[in-house]
Structures are given as C-alpha cells and as structure tokens.
Amino acid sequence: MPEQISIFELIANASLLVQVVMAVLVLASVASWMMIFQRWLFLRRALIELDSFEDHFWSGIDLRKFFSELDGEDGLNGIENVFVAGFREFTRLSEQSGADADAIMQGVQRAMRVAVTREEARLETHLPFLATVGSTSPYVGLFGTVWGIMNSFRSLANMSQATLASVAPGISEALVATAMGLFAAIPAVIGYNRFSAKVEVLTKRYEAFSDELTTILHRAAHSRSGGG
Amino acid sequence: MYVLRHYTLPLALAVGLHAAAVWALYQGWHPEREIADFIKPETVIANLIVLEAKKAEPKPPPPRVQPQPQPVEESRPQPDPAQEQRVREAQEEAERRAAEEAAEQARREQERLDRLARLAELAEASLDQAIAEESQTLQEGSEAQVAQSYRMGIYQQILENWSRPPSARNGMKATLVMELIPTGEVVSVTVTESSGSTAFDRSAEQAVRRAGRFAVPEENRIFERYFRRVYLLFQPEDLLR
C-alpha cells in the first residue's frame, strides 16, 4: 500500500486479453478523434464554400458564363457539383432539337437529385464509423472489465485468506478497460450527433438550391419553347 | 494523395490529444500520497493544552515596566543650574526627554523581545516535558501489561498448589505477603491479615511454599517494581456452603 500504484503499472500487469482490449480501445479512440477532426474541418469548409457560392450565384452574373468557368475544372466542391450537373443536363437537352420543356426539366431535376445524393454521401463519410465506436466501445471495455474481474475472483478462490489487498489491484486494472471504453465512446457519440445534424443542414440547403435552380431553368426552358 | 492531404492534420491532432491525456494521467495519478502526510503523533494534541496554560503567566510583566519611567523623569531637573537662557534650557530638556523616551522605548522593546524569547523557551521546555511524560506513561502502560501477564502465571501456580481445608467458608479472607528474589524463588511468606481460621491461613501459606518458585520478568526494573514484594489475597468464593 505505501508505494502508489501507477495506472501504467496496472495496465502492464493486466492479463493479455485485457491488454488486447485496451489496445483496441486506444486505437478506436485515436481513429475516432481523427475522424472527428477531419469531419469538423471538412464540414466547416463545406459550409463556408456554400455561403460564398450562394453569394456569388445570386449576385446577378450570367449563368452560362459561370457554368463555362466551372465546367471541366477539377476538384469542384459540393454545391458547385450540383450546379454543374443540373446546368450541363439543361444545355445538353436543350441542344437536342425535339425535346420539349417538360422533358428537359425532368432530366435536369433527375441530374440534380443524383448530384445532391452523391454530395450527401460525401458529407456523411466516416459518420457510421463514429456511430460504431460510440455504441460498441463501452461494451468492448465492459468485456475487458468482466474478464479481468472474473480472473481476479478466480485467483481469490484459491486463497484461504481473502483480503481486500488481494482483490483490489485486479479489479482496479479491470476497471481501466471500462474507463477507456467510455473515453473512446463519449466523444464519438457527441461527434456523431453533431456532424449528422450539420450534414442534414447542408443537404437541406443543397436541395433548396437545386429547387431554386430548377425554377430558373424552368422559366428559361418554357420561354425558349414558347418563343421557338 | 487525397488521404495524405486531408488526414495528416486530423491524425496529428488526435495523437496529440491522446498524448496529452496520457501525460495528464501520469502527472495526476497519486491518490495515496496526501493521506499519508496527515498522520501525526498524538503528542501534538497534548502539548496544545500545556501551551494554553503557560500563556496566562506573561501577563504580570507589563505593570512592572510601567513604574520605571518615574525615576527617570525625576532626574531631569538636576543637571540645569544655569539660569540665563531658559529657552535653550527648555530646548535641551525637550531633546533630552526625546532621547530618554527613545531609550525607554528601545528598552521596552528589548524587554518585550526577552519576554517573547522566555515564553518560547518555556513553551519548548513544557513541550519536551509533555513528550517525556507521555512516553513515560506509554512505557509504564506496557510494563504494567507485562507485569499483569506474569501475575496471572503466579496466580495459576498458587491455585494449583492450594488445597483448601474442609473448614473453609465463603467470605473468608487471608492476606499474605511473599518476598521474591530476582530468580523467582520465594524467600519469605507471612500472613498479614488472618482469615480467622488458622487452618485456612496455613493452607494458603503452604500453597505458596509448595509452589516454591515463580516465573518473574527478567527485566530488573519491572521485577523491583512489581514482584519484589507480592501481596496475595486468598478468598474461597466458589464454595457451595
């Protein structure tokens, strides 16, 4: 009792299975934090890009010119992809002679829906991983703890005189596994909830934008077909 | 390429965070150290009371200091026989008085310091004394325990050798004193208070003599204190009649 047991000694003295569990949990924690930071940066940038794109889009520029600037460029961001997909479909269909306005609009809507879905999938990358870590790592930690306590009680059964000092280290080292599980799970759950809310907001705004673009293109298509 | 560009910073942040957590654990995991520091010897409690008692003493000195200024003031008029310049006289007087006052103050300060020093000495002395007393009582306690265990041995030995006469009755009391030498041998047994029955007295004396030799502590101090002279009380209590 006089010398203090450090947490690292506890880990070093734990049984092999508990150590494996701990290692898995540490890896899960590092990976989930990595995802959290990555998603955080990614979603923040997506929001900033969306804001600046909308500012640019509604500033009254010529859409055809804007499209030709963006088209064929590499590394377009989310909202730009939606715009390019919709507008490309529109120009392609309206170049064909026999297409009527409703057929053009259906094609444009379909193209933009596909683009929005693809962007949503990109925004949601890694979120399932965070959800998995958040929901399973407490159980993994608990498994390590139960195993450690089981062992510690089994060795207690062989002793004639059971003292607190003979059980306490085993239980303490077993509980470290649960602590690690919670340490990995809590940020993952928080991150998952926060990021899925953010993704939903972004997706809604993409959809709203695609509806607005549809309206504009719809007007253009009908005026053309009416005039021509 | 994409992975490298988008994941290096997050990975570095995550690893840094975990390293910080491990470091914090390493620094903070000392649960038992503070508790151990608080165990103090019990003597501390004892000397607090002693200090309180001594504090009452230093109060008398202040009145003793007060009367001293008077003789100094009396000496003031003497050294000025020159009558011409009263102003200068007065000035000198004032100066002297100031000097005297300063001296007085210094002396008072000195006295106060002396008193404090004396007080500290007293406190220390009483603390030492308290500790000594405490350890002595502790030692005496353990000695008494040792003596008690040997006494039980003697009692057992005498009881084994005592055959009560048929005339013994409840309520009879015989006090004997036996003298031992450091080896444990009995040198003398005498009845100091008779029970009233000669047979009973004799049986008690006989019991001691028959035992002849008792186990006594080897330590001389304990022997001298508890076993040089042993008083024995013989008293049949368990008889039915």
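**View 1. Surroundings of A:Val82 in the predicted model.** This close-up comes from a predicted model. Leaving out residues up to four places away in sequence, A:Val82 touches A:Met112, A:Ala115, A:Val116 and A:Glu119. A:Val82 also touches A:Tyr206, A:Phe209 and A:Ser210.

**View 2. The largest nonpolar core, which has 46 residues.** A:Val82 is one of the residues that touch the most other members of this core. The others in that group are A:Met22, A:Leu25, A:Val108, A:Met112, A:Ala177 and A:Ala184. Five elements of chain A give two or more residues each: α2 (16-57), α4 (78-95), α5 (101-123), α6 (127-157) and α7 (164-227). The most comes from α7(A), with 16 residues. In soluble globular proteins, nonpolar side chains tend to be buried together. A second core, separate from this one, has 10 residues, including B:Leu176, B:Ala207, B:Val208 and B:Leu232.

**View 3. The helices of chain A.** The secondary structure here comes to seven helices and zero strands. Along the sequence the pattern therefore reads α-α-α-α-α-α-α. Of the 228 residues of chain A, 29% count as buried. Take the contacts in chain A between residues at least 6 apart in sequence: 84% of them join residues at least 24 apart.

**View 4. The crossing of α2(A) and α6(A).** The axes of these two helices come within 10 Å and cross at roughly 160 degrees. Angles over 145 degrees count as roughly antiparallel, so α2(A) is roughly antiparallel to α6(A). The crossing of α2(A) and α6(A) is left-handed. On the side of α2(A), the contact is made by residues including A:Leu17, A:Val21, A:Met22, A:Leu25 and A:Ala28. On the side of α6(A), the residues include A:Phe129, A:Leu130, A:Val133, A:Gly141, A:Gly144 and A:Trp147. A:Met22 and A:Leu25 also appear among the residues that touch the most other members of the largest core.

**View 5. Helix α3(A) and the glycine after it.** Helix α3 of chain A spans residues 63-70 and is hardly covered. Among its eight residues, the count of buried ones is zero. Just after α3(A), A:Gly72 takes a positive phi of about 85 degrees.

**View 6. The three-stranded sheet of chain B.** This open sheet has the strand order β2-β1-β3, and the pairing is antiparallel. Strands β2 (186-193) and β3 (229-234) of chain B stand at the edges with a single partner strand each, so one side of each has no neighbour in the sheet. From one strand to the next, the twist averages 25 degrees. In a regular strand the side chains alternate between the two faces of the sheet.

**View 7. The hairpin of β1(B) and β2(B).** Strand β1 of chain B, residues 174-180, pairs with β2(B) in the antiparallel sense over six bridges. B:Leu180 has B:Val186 of β2(B) as its bridge partner, and B:Thr175 has B:Glu193. Five residues lie between the two strands of the hairpin, where B:Gly184 takes a positive phi near 105 degrees. Of the eight residues of β2(B), the number buried is zero, so β2(B) lies largely in the open.

Terms used. Residues are numbered from 1 along each chain as its sequence is written. Chains are lettered from A and ligands numbered from 1 in the order in which they are written. This is a predicted model: local features need pLDDT of at least 70, side-chain atom pairs count only at pLDDT 80 or more; totals for chains, interfaces and linings use all residues. Two strands pair if DSSP finds at least two bridges between them. Helices (H or I, at least four residues) and strands (E, at least two) are DSSP runs, numbered from the N terminus. Axes are lines fitted to C-alpha atoms, for helices over the stretch in contact, and angles run from 0 to 180 degrees between N-to-C directions. A residue is buried if 20 or more other C-beta atoms lie within 10 Å of its own, exposed if 12 or fewer, and partly exposed in between; C-beta atoms are placed from the backbone. A nonpolar core is a set of buried Ala, Val, Leu, Ile, Met, Phe, Trp, Tyr and Cys residues joined through C-beta atoms within 7 Å. Two residues are in contact if their C-beta atoms, placed from the backbone, lie within 7 Å. Angles under 35 degrees count as roughly parallel, over 145 as roughly antiparallel, 65 to 115 as roughly perpendicular and the rest as oblique. A crossing is left-handed if the near helix is turned anticlockwise from the far one by less than a right angle, and right-handed if clockwise.
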